[in-house]
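Q: Please take a close look at one part of this chain with me. I'm a first-year student, so go slowly and explain the terms as they come up.

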Amino acid sequence: MGMKFYTVAIALVLLLASAAEFSEAAMYDVTKYGGKADGSTDLSQALLAAWKEACADPASSSVLIPTGTYALGQTIIQGPCKAPINLIVQGTLKAPINTSSFKPDAGWVAFQNLDQFTLSGNGVFDGQGTTLWGRKCVQSSYCADLPINLRFSFVTNSMVRDVTTKDSKQFHVNVLGCKNLVFNHFTVSAPADSLNTDGIHIGRSSSINITNTHIKTGDDCISIGDGSEQISINDVTCGPGHGISIGSLGKYPNEAPVVGVRVKGATLTNTMNRIRVKTWSASPQGVASDLHFEDVIMNNVGNPILIDQE
């Protein structure tokens, strides 16, 4: 068990080392492709044009979104690319308030089928969810028609660092089918009354490392779904929010087990729960095992440990 988490730590070191290579990489600036930091012109076409050229570069490359405020429509950034690639977001990207034209289940910004990818730059992905919370959905509903800020699907050997997701309309981050993906110095920012805005949701992924991350939101800070293995959460602050959750599990038959979750050095403040394992009522048989929680500090936490059914 210990060796598997050492492997995650080694992967983090290797990713940090590889990130240094981008200082030598070719730079593709979206403003050279028609991108405008005027807060109203949709950046998506300029971003995808820059990404297409960078992705085809046989050497390491970077796509740059400089400082400024940009409007950004629904965008799918995908590979595979020919070499390691970095998206440097220095500006603030704002999602449309009206998302009726969005493709379903694609989210606002999606990253798909990428290897050796880095998202960085101290930028902000602003989902502008404040206009919709509680209006398009009620407290008890899933709000499935609202877009997730950032989707990572089938991304491997990659890193997300020094980036903020703000006021998502639904989950802030969804991780699906990923392996060896690191979140480092990552920030989630939303108020306590934001509905169904899980900070980072992980499903059917392995070797996911979340470290030095700060999460303030209206739902689970981190939620771990079925098929997740070797999830390492270190030095994370959570609150407001609902804590760190395994589940909900058991919604469907034959779900893959959750195996190997380690939470160490977390601080939870003003959260509904600390650690929760939750399943759907009348759920089929499932397994969550090898769960470890160490050195977790709780300040004004409602339920320190909760195992329940919804």
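A: Two strands pair if DSSP finds at least two bridges between them. Strands themselves are DSSP runs of E with at least two residues, while helices are runs of H or I with at least four, and both are numbered from the N terminus. Before we use that, some housekeeping: this is a predicted model, where local features need pLDDT of at least 70 and side-chain atom pairs count only at pLDDT 80 or more, though totals for chains, interfaces and linings use all residues. Residues are numbered from 1 along each chain as its sequence is written, and side-chain values use heavy atoms, with hydrogens and water left out.

Now the pairing. Strand β20 (residues 258–264) and strand β23 (residues 288–294) run parallel and share six bridges; in one of them, Val259 is matched with Ser289 of β23. β20 also pairs in the parallel sense with strand β17 (residues 229–234), this time over five bridges. There, Ser232 has Arg262 of β20 as its bridge partner.

Let's step back for a moment. The chain has two helices and 25 strands. Of its 310 residues, 53% are buried, which means a relative accessible area under 20% (over 50% is exposed, in between is partly exposed, with a 1.4 Å probe and protein chains only). Take contacts next, meaning heavy atoms within 4.5 Å: among those with a separation of 6 or more, 73% join residues 24 or more positions apart.

With that in hand, let's zoom in on strand β10 (residues 150–166). Thr165 sits in this strand. Its relative accessible area is 0%, so Thr165 counts as buried. Skipping its neighbours within four places in sequence, Thr165 has contacts that include Phe125, Asn149, Leu150, Phe186 and Ser189. His172 is another of its contacts, and the side chains of Thr165 and His172 also share a polar contact of 2.9 Å. A polar contact is a pair of N or O atoms within 3.5 Å; within protein, one must be able to donate a hydrogen and the other to accept it, and residues adjacent in sequence count only if both atoms are side-chain atoms. For a sense of how the chain folds back, compare Thr165 with Leu93: they are 72 residues apart along the chain, yet their C-alpha atoms are separated by 9.7 Å.

Strand β10 also holds Phe152, which brings us to the aromatic rings. A pair of aromatic rings is described by the distance of the centres and the angle of the planes. Rings of Phe, Tyr and Trp (its six-membered ring) pair if their centres lie within 6.5 Å; planes under 30 degrees apart are stacked, over 60 edge-to-face, and the rest tilted. The structure has six such pairs. One of them is Phe111 with Phe152, which is stacked, at 5.1 Å centre to centre and 15 degrees between the planes. Phe111 belongs to strand β7 (residues 109–115), so this pair ties β7 to β10 across 41 residues of sequence. Both of these Phe residues are buried. They also belong to one aromatic cluster, together with Trp51, Phe117, Phe183 and Phe186.

Just past β10, Ser168 lies in the loop between β10 and β11 (173–176). Ser168 has a relative accessible area of 0%, so it is buried. Setting aside residues up to four places away in sequence, Ser168 touches Gly127, Gly129, Trp133, Pro147, Ile148, Asn149 and Thr197. The C-alpha atoms of Ser168 and Thr130 are 8.2 Å apart, with their positions 38 residues apart along the chain.

Finally, some links elsewhere. A disulfide is a pair of cysteine sulfur atoms within 2.5 Å, and the count here is two. Cys55 and Cys81 form a disulfide, with 2.1 Å from S to S. That link connects helix α2 (residues 44–56), home of Cys55, to the loop between β4 (75–78) and β5 (85–89), where Cys81 sits 26 residues away. The torsion about its S-S bond is about -105 degrees, so the Cys55 and Cys81 disulfide is left-handed. Cys221 and Cys238 form another, with their sulfur atoms 2.1 Å apart. This link of Cys221 and Cys238 is right-handed, with 80 degrees about the S-S bond, and both of these cysteines are buried.
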